[in-house]
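Q: Please take a close look at a single part of this model, the pairing of two helices that follow each other in the chain, and then set that part in its surroundings.

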Amino acid sequence: MTRFYITTPIYYPSSKLHIGHSYTTVAADALARYHRRLGHETYFLTGTDEHGQKIERAALAEGKTPIQFVDEIVAGIKELWAALHISYDDFIRTTEERHKKVVQKIFKQLYDQGDIYKSSYEGWYCTPCETFWIESKLKEGNLCPDCGRPVEWTKEESYFFRLSKYADRLLRYIEETDFIQPASRKNEMISFINQGLEDLCVSRSTVRWGIPVPFDEKQTIYVWIDALSNYISALGWGTENDELYRKFWPADVHLVGKEIVRFHTIIWPCILMALGLPLPRKVFGHGWLLFGTQAEKMSKSKGNVVDPFVLIDRYGVDAVRYYLLREVPFGADGTYTEEAFILRTNNDLANDLGNLLSRTTQMINKFSDGRVPEPDPASDDRILSDLAAEVLREFQEAMDRLEISSALVALWKLVDRANKYIDEQAPWALARDPGRAGQLRTVLYNLAETLRLLGVALTPFLVQTPERIWDQLGLEPAQVRTLSWEEAVAWGGLKPGTVIRRGSPLFPRIELPKENGDSVAKEGRAQSGEPAAGAAQPTEGVAEIEYDDFAKVELKVAEVVEAERIPKADRLLRLVLQVGEERRQIVSGIAQHYAPEELVGKRIILVANLKPKKLRGVESHGMLLAATAEDGSLSLVTLDKPDFPTGMRVK
């Protein structure tokens, strides 16, 4: 059986996590879910790195012991992972006894074989990054090159790991394999090694919050061996129960932020080489999720931290997961703005995917008595079935390359084509022609089957939406999930005769916040029942107007005599109306709800005294009346009786 082992970094619990940390973990979760869906035996590890001087000082500042301090933050991290539906198999904490024993075993083994030795250290140290620096690497004389904070001069006796001993072997390995991805990170690490590796300080005598060196109680094992060893301590390496280690090591992917690629691709593999253990197959260093139009790194001190709990509470977990996975090309930096989040949710999830499901189930109800129809093979153009096979291949290839955003782009080719297919096939027109009944059945079946397949392919990314899609198609989600990947993505899995269960919209449209409105950034969830920052406030009700105000609006009966799409405007139609003796042109955003030919001959209500304006370069003189339901579906206000003449005023 194929096995897959993926890890996130173990997060440093010095403060609450923000949306950037969520990005890493949601990406790892999507990859783990993907491999499970393929039938691979999968192990997904995350956790926390809880030792060090920074934690010690932060706890002291709050009047707590270090373990009290980290326990509270770790509880919040686990709560966040639960809210995001992170499907980890293990959560490792470096304060756990199982981890301490493995770390001490590693340290002693390296010492016994001469790869660790005792010496004195004198130099610059960055407490937030827990990194020693030589003076030539500092920025502006005394600033850490990683975080930009001031460094401290430190002098103490410590143990050192012979990192330089393994430099040549490591360089060959990096150059000859795809161990480091993307390629830009690989080139950075090759350049770093070529500058020369110095032996690494792996213990501290001035830090007490950590794991003691087993043969020297005055020394505390430093972060490199302590934190990095979590990837094998969690699997039971070096213990009597090492079954997980033997099954899953080496890791298939260490997923890390670009700022810690150096530790995972230089220090960690050298430690493994010294232990005689296999190296991870891949370390993938993704970019950062930056904040705002200025693309700043998120920082509590800058006040631009986005609290993922607020996003989840406000927009739902699937909207948050989708944005994180779709908006950022994996490996590159991405930017979060609330406007971009809302637009992505509205366009992709509400308009494209949600509208496709709503239109399809509505038409099956209307034209097929609410049952999935039996397709007619003779009338099938195979447009959707052939594209589905192509898209699923692209999707798998992208996921195997860890290109998560590209995988979603591939799936949306099918979503977009299915929406276009509705407009091309015009089921409402087919329904009026008894001779085309077979084609109508085929079109409706193809749309429903496309949605079933999309639900299958979206399971790594969205945790609630796939089941909602299947449920509306009349399927039992548990049964779909028990199918093998090959069975689940084979075209034709939706049985004709299945009774659909049309439900609420997948993703109701979100209104863009007012310019002076609060953002979901900066503040966390509200306390004591107060609304969260950026949360929707209760409406005050609709403003009342005088009768004379309403009397200014001139409503008239109009008949649609021409209708056509506006090029390069997916949602706009140009309508020519007969209004009494006058012909009037308007532009209306109803193209996703009505085909042009479906509108000709309809008698509608026109707001006739609006000032003309141009939309996409086309003049529009007036506006029609329509009602929009909660599920996003739209219906024109029409008149069925022909004895209401065009031009007649509506009061």
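A: What follows starts from helices α14 and α15 and then moves outward to the core, the neighbouring loop and other parts of the chain.

The model is a predicted one, and its local features are reported where pLDDT is at least 70. As a setting for the close view, the chain holds 22 helices and 25 strands, and 53% of its 651 residues count as buried. Among contacts in the chain with a separation of 6 or more, 73% join residues 24 or more positions apart.

Two packed helices are described by the angle between their axes and the distance between the axes. Helix α14 covers residues 383–400 and helix α15 covers residues 404–425, and their axes come within 7 Å and cross at roughly 170°. Because of that angle, α14 counts as roughly antiparallel to α15. On the α14 side the contact is made by Ile383, Leu384, Leu387, Ala388, Val391, Glu394, Phe395, Ala398 and Met399, which meet Ile404, Ser406, Ala407, Ala410, Leu411, Lys413, Leu414, Arg417, Ala418 and Tyr421 on the α15 side. Sorted by class, the residues of this contact comprise 15 nonpolar, 1 polar and 3 charged.

Phe395, one of the α14 residues in that contact, also leads from the helix pair into the interior. The largest nonpolar core has 109 residues, and Phe395 and Phe461 are those with the most contacts inside it. Helix α17, residues 437–457, gives the most to this core, with 11 residues. Leaving out residues up to four places away in sequence, Phe395 touches Ala407, Ala410 and Leu411, and also Tyr34, Ala457, Pro460, Phe461 and Trp485. Apart from this core lies another, of 66 residues, which includes Ile92, Tyr166, Ile221 and Trp237.

The loop that precedes the pair deserves its own look, for backbone reasons. Most residues other than glycine have a negative phi, and most peptide bonds are trans. In the loop between α13 (338–367) and α14 lies Asp369, which has a positive phi of about 55° although it is not a glycine. Arg382 belongs to the loop between α13 and α14 as well, and its phi, near 60°, is likewise positive in a residue other than glycine. As to solvent, Asp369 is exposed, with a relative accessible area of 71%, whereas Arg382 counts as partly exposed at 44% relative accessibility.

Two peptide bonds elsewhere in the chain can be set beside these phi values. The bond from Gln181 to Pro182 is cis, with omega near -5°, and Pro182 has its place in the loop between β7 (180–181) and α6 (183–194). The bond from Trp249 to Pro250 is cis with omega near 10°, and Pro250 lies in the loop between α9 (243–248) and β12.

Strand β12, residues 253–257, contains Leu255, a buried residue with a relative accessible area of 0%. The C-alpha atoms of Leu255 and Ala28 are separated by 6.9 Å, although the two residues are 227 apart along the chain. Thr24, found in helix α1 (residues 19–37), counts as buried at 5% relative accessibility. Leaving aside neighbours within four places in sequence, Thr24 is in contact with Leu255, and also with Pro9, Tyr11 and His286. The C-alpha atoms of Thr24 and Gly257 are separated by 7.4 Å, with their positions 233 residues apart along the chain.

A second helix pair offers another geometry to set against the first. The axes of α4 (residues 97–112) and α10 (residues 261–275) come within 10 Å and cross at roughly 65°. That angle makes α4 roughly perpendicular to α10, and the crossing is left-handed. In this contact Ile106, Gln109 and Leu110 of α4 meet Ile271, Ala274 and Leu275 of α10, a set that divides into 5 nonpolar, 1 polar and no charged residues.

Finally, helix α12 (residues 317–327) is largely enclosed by the rest of the structure, because 10 of its 11 residues are buried. The buried residues of α12 include Asp318, Arg321 and Arg326 as well as Val317, Tyr322 and Leu324.

Note on methods: Residues are numbered from 1 along each chain as its sequence is written. This is a predicted model: local features need pLDDT of at least 70, side-chain atom pairs count only at pLDDT 80 or more; totals for chains, interfaces and linings use all residues. Side-chain values use heavy atoms; hydrogens and water are left out. Axes are lines fitted to C-alpha atoms, for helices over the stretch in contact, and angles run from 0 to 180 degrees between N-to-C directions. Helices (H or I, at least four residues) and strands (E, at least two) are DSSP runs, numbered from the N terminus. Angles under 35 degrees count as roughly parallel, over 145 as roughly antiparallel, 65 to 115 as roughly perpendicular and the rest as oblique. A crossing is left-handed if the near helix is turned anticlockwise from the far one by less than a right angle, and right-handed if clockwise. Contact means heavy atoms within 4.5 Å. Ala, Val, Leu, Ile, Met, Phe, Trp, Tyr, Cys and Pro count as nonpolar, Asp, Glu, Lys and Arg as charged, and the others, Gly among them, as polar. A nonpolar core is a set of buried Ala, Val, Leu, Ile, Met, Phe, Trp, Tyr and Cys residues joined through side-chain atoms within 4.5 Å. Buried means under 20% relative accessible area, exposed over 50%, partly exposed in between (1.4 Å probe, protein chains only).
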